[in-house]
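I opened the notebook to look up how the sheet is arranged and where charged side chains meet. The entries below follow the order in which I checked things.

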Amino acid sequence: MKEKKENKKERKAKEKKIAKSKSIESTSTNKSNKCDDEKCPIHGKLSIRGRFFKGTVIKIFNQRVVIEFERLIYLKKYERFAKASTKLHAYLPKCMIGKINIGDIIKIGECRPLNKIVHFAVIEKIKEKKYKK
Ligand SMILES: [Zn+2]
């Protein structure tokens, strides 16, 4: 019985929190773009599992970014490492459109295949591009 009561309390608290957040959203709606994106890893249902990568944004499309990062490959014949670059396409959720620019360093995580070339989603921005004066 005690557990049930606690559960109810928790639910009520959650509902209150949701109501509060909704009220906040309704008060400051117009400028901040709402996130009703189902494929958003933070607000939506898309689950992130598997591998994570950090990389530099080199291209931005409508709902997709391309990141590039370098990795090292060992060449047995020369007993040395060679650099190779990897490009990955990642889904850009609605709440991040406009916040990510070319040159930024971002983190992406693996999700289910969203289309032929996209099976990663943008999670967060780590660093903004440094502009040299
Ligand atoms: Zn979102």
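These are my entries on the strands and then on the salt bridges of this predicted model.

**Strands.** I traced the sheet first and found that five strands close into a barrel in the order β1-β2-β3-β5-β4, with mixed pairing. Neighbouring strands of this sheet are turned by 50° against each other on average, direction ignored. I then followed β4 (residues 105-110) along β5 (residues 118-127), where the two pair in the antiparallel sense over six bridges, and I noted that isoleucine 106 has lysine 125 of β5 as its bridge partner.

**Salt bridges.** I listed four salt bridges in the structure. In one of them lysine 94 meets aspartate 36, with the closest N and O atoms 3.8 Å apart; this pair links distant parts of the chain, since lysine 94 lies in the loop between β3 and β4 and aspartate 36 in the loop between α1 and β1, 58 residues apart. Lysine 94 is partly exposed at 36% relative accessibility, whereas aspartate 36 counts as exposed at 60%.

I next looked up glutamate 70 and lysine 83, which form a salt bridge with closest N and O atoms 3.8 Å apart, glutamate 70 sitting in β2 and lysine 83 in β3. Glutamate 70 is exposed because its relative accessible area of 56% is over the 50% cut-off, and lysine 83 is likewise exposed, at 64%.

**Network.** I returned to lysine 125, whose salt bridge with glutamate 128 has closest N and O atoms 3.5 Å apart. Asp104 joins Lys125 and Glu128 in a network of salt bridges. Lysine 125 is partly exposed at 30%, while glutamate 128 is exposed at 55%.

Note on methods. Residues are numbered from 1 along each chain as its sequence is written. This is a predicted model: local features need pLDDT of at least 70, side-chain atom pairs count only at pLDDT 80 or more; totals for chains, interfaces and linings use all residues. Side-chain values use heavy atoms; hydrogens and water are left out. Two strands pair if DSSP finds at least two bridges between them. Helices (H or I, at least four residues) and strands (E, at least two) are DSSP runs, numbered from the N terminus. Axes are lines fitted to C-alpha atoms, for helices over the stretch in contact, and angles run from 0 to 180 degrees between N-to-C directions. A salt bridge is a side-chain nitrogen of Lys or Arg within 4 Å of a carboxyl oxygen of Asp or Glu. Buried means under 20% relative accessible area, exposed over 50%, partly exposed in between (1.4 Å probe, protein chains only).
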